[in-house]
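Open your viewer and get ready to click through some charged side chains. We will go from one stop to the next, selecting a few residues each time.

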Amino acid sequence: MMNKVTLTVSSREAVTNRTLAAFHGEPQGAVISFASPELLWQTLTRKRWELLKAMTGRGPMTIRALSRELGRDVKGVHGDVHALLDAGVLDRTEEGRILFPYDAVRVDFELEAA
């Protein structure tokens, strides 16, 4: 079974409704919500998206190993990893490795007329 996360733009009300539904036993799946499309794209820059692609389905990694794989300097990857940790997109293991615990990512939001 594939472990998939949905990155979405949701209002506080929608997040609350999902949480309440989960408390009532309704499966919600893994969802990481952002307050606006701008915040989603500010968090998921092109380089951070490449970082997530490299980590998807891979298990725990060190920042140094991820830097080598991406062909980027450790300092830059370190900054991107910490931004994604702060946003709740990445996890840190007890051993200090970083983890994106999903096999697939879906990005879901709508653009509506103002």
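**A tour of the salt bridges**

Start by selecting Arg 106, which is partly exposed at 44% relative accessibility (partly exposed lies between buried, under 20% relative accessible area, and exposed, over 50%, using a 1.4 Å probe and protein chains only). Add Asp 108: the two side chains form a salt bridge, 4.0 Å from N to O (a side-chain nitrogen of Lys or Arg within 4 Å of a carboxyl oxygen of Asp or Glu). Asp 108 is also partly exposed, at 33%.

A note before moving on: this is a predicted model, where local features need pLDDT of at least 70 and side-chain atom pairs count only at pLDDT 80 or more, while totals for chains, interfaces and linings use all residues. Residues are numbered from 1 along each chain as its sequence is written, and side-chain values use heavy atoms, leaving out hydrogens and water.

How many salt bridges does a search of the whole structure find? There are 5.

Next, select Arg 48 and Asp 80, whose closest N and O atoms are 3.0 Å apart in a salt bridge. Arg 48 sits in helix 3 (residues 46-55) and Asp 80 in helix 5 (residues 74-86), so this pair ties together parts 32 residues apart in sequence (helices are DSSP runs of H or I, at least four residues, numbered from the N terminus). Arg 48 is buried at 16% relative accessible area, and Asp 80 is buried at 10%.

Finish with Glu 69 and Arg 58, which meet in a salt bridge at 2.6 Å, N to O. Glu 69 is partly exposed at 41%, as is Arg 58 at 43%.

How values were computed:
Helices (H or I, at least four residues) and strands (E, at least two) are DSSP runs, numbered from the N terminus.
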